[in-house]
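Please look over the sequence and the structure below before reading on. The paragraphs that follow go from the strands and the core to single residues and charged pairs.

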Amino acid sequence: QSWSSEDYTTVGEIVNRNSKNLIINDSVTAEGTISDETGTISGDGYVCINAVEQIKNNAWSGSVCIQGDNILENDLKVGTLIVGDSNRMAKLELNKYSLEAEDIIIQGTLEVQKAQIVCTNNMTVTGKGMLVMQDEASSVLVGGNFTIDSQSSHSGFLTQGILEIKG
């Protein structure tokens, strides 16, 4: 099953029950919840949401772009996490919960507060993106490459915690 924005740009709700593969090839905005019951989402596209609460069961195997300001209230596991985009800043505070993702692209602000991030592949901070880690109980593990190519200064924002890059 393949889905591109030529078919839809904004949808109410997305439920993936496809046991073979749901391929998302462009950006799609979901106004309601998104649910991934089979963990079979792939493709170059992503689903845009305003609130992490839109992700049912705190898991989405595809790429998701968070466009609003959010505080995590549960552990979260996603394929690729995009915080903000080139048109709209966003903020995600982890607030003692863990985040697991294959790749992370930060174009807004990602605050690690007494929390843990496990990024199995690459983490990129770009545009006006900010990674904030100011608590000794925080940790970020990047299994691949870690790149800061941001227009924002990180001076005073990565002051505590552990940043481990395996490359």
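Strands, as the word is used here, are DSSP runs of E of at least two residues, numbered from the N terminus. With that in mind, K96 can be placed in the loop between β12, residues 91–93, and β13. The model is a predicted one, and local features are described only where pLDDT is at least 70.

A good place to begin is the interior, where the largest nonpolar core has 39 residues, and where W60, L81, I104 and M123 touch the most other members. As a general background, nonpolar side chains in soluble globular proteins tend to be buried together. One of these four, I104, is in contact with L81, L99, L110, I117, C119, N122, M123 and T124, once its neighbours within four places in sequence are left aside.

The contact between I104 and M123 has a counterpart in the pairing of strands, since I104 stands opposite M123 in β16. Strand β13, which covers residues 98–106, runs parallel to strand β16, residues 123–127, and three bridges join them. Strand β16 is in turn joined by five bridges to strand β19, residues 146–150, and this pair also runs parallel. Within that second pairing, T126 has D149 in β19 as its bridge partner.

Another residue to look at is S35, which is found in strand β6, residues 34–36. Is S35 buried or exposed? S35 counts as buried because its relative accessibility is 5%, and buried means under 20%. Apart from residues up to four places away in sequence, S35 touches I14, V15, N16, K56 and W60, the last of which is also among the core residues that touch the most other members.

The backbone deserves a look as well. Most residues other than glycine have a negative phi. Against that background, N58 has a positive phi, near 55°, and N58 is found in the loop between β8, residues 46–49, and β9, residues 59–66. With a relative accessibility of 28%, N58 counts as partly exposed. K96 also has a positive phi, near 80°, but K96 counts as exposed, because its relative accessibility is 57% and exposed means over 50%.

The charged side chains come last, and a search of the whole structure finds five salt bridges. In one of them E37 pairs with R17, and the closest N and O atoms are 3.1 Å apart. This pair links distant parts of the chain, with E37 in the loop between β6 and β7 and R17 in the loop between β3 and β4, 20 residues apart. E37 is partly exposed at a relative accessible area of 46%, whereas R17 counts as exposed at 59%.

A second salt bridge joins E100 to K77, with the closest N and O atoms 3.9 Å apart. Here the link is between strands, as E100 lies in β13 and K77 in β11, residues 76–83, and the two are 23 residues apart. E100, at 34% relative accessibility, counts as partly exposed, and K77, at 48%, counts as partly exposed.

In a further salt bridge E111 pairs with K91, where the closest N and O atoms are 3.3 Å apart. E111 belongs to strand β14, residues 109–112, and K91 to strand β12, with their positions 20 residues apart in the chain. E111 counts as buried at 14% relative accessibility, while K91 is partly exposed at 28%. Together with E93, these two residues are linked in a network of salt bridges.

Key:
Residues numbered from 1 in each chain as written. Heavy atoms only, no water. Core = buried A, V, L, I, M, F, W, Y, C linked by side-chain atoms within 4.5 Å. Buried < 20%, exposed > 50% of the residue type's maximum accessible area, 1.4 Å probe, protein only. Contact = heavy atoms within 4.5 Å. Pairing = 2+ DSSP bridges. Helix = DSSP H or I, 4+ residues; strand = E, 2+ residues; numbered from the N terminus. Salt bridge = Lys/Arg side-chain N within 4 Å of Asp/Glu carboxyl O.
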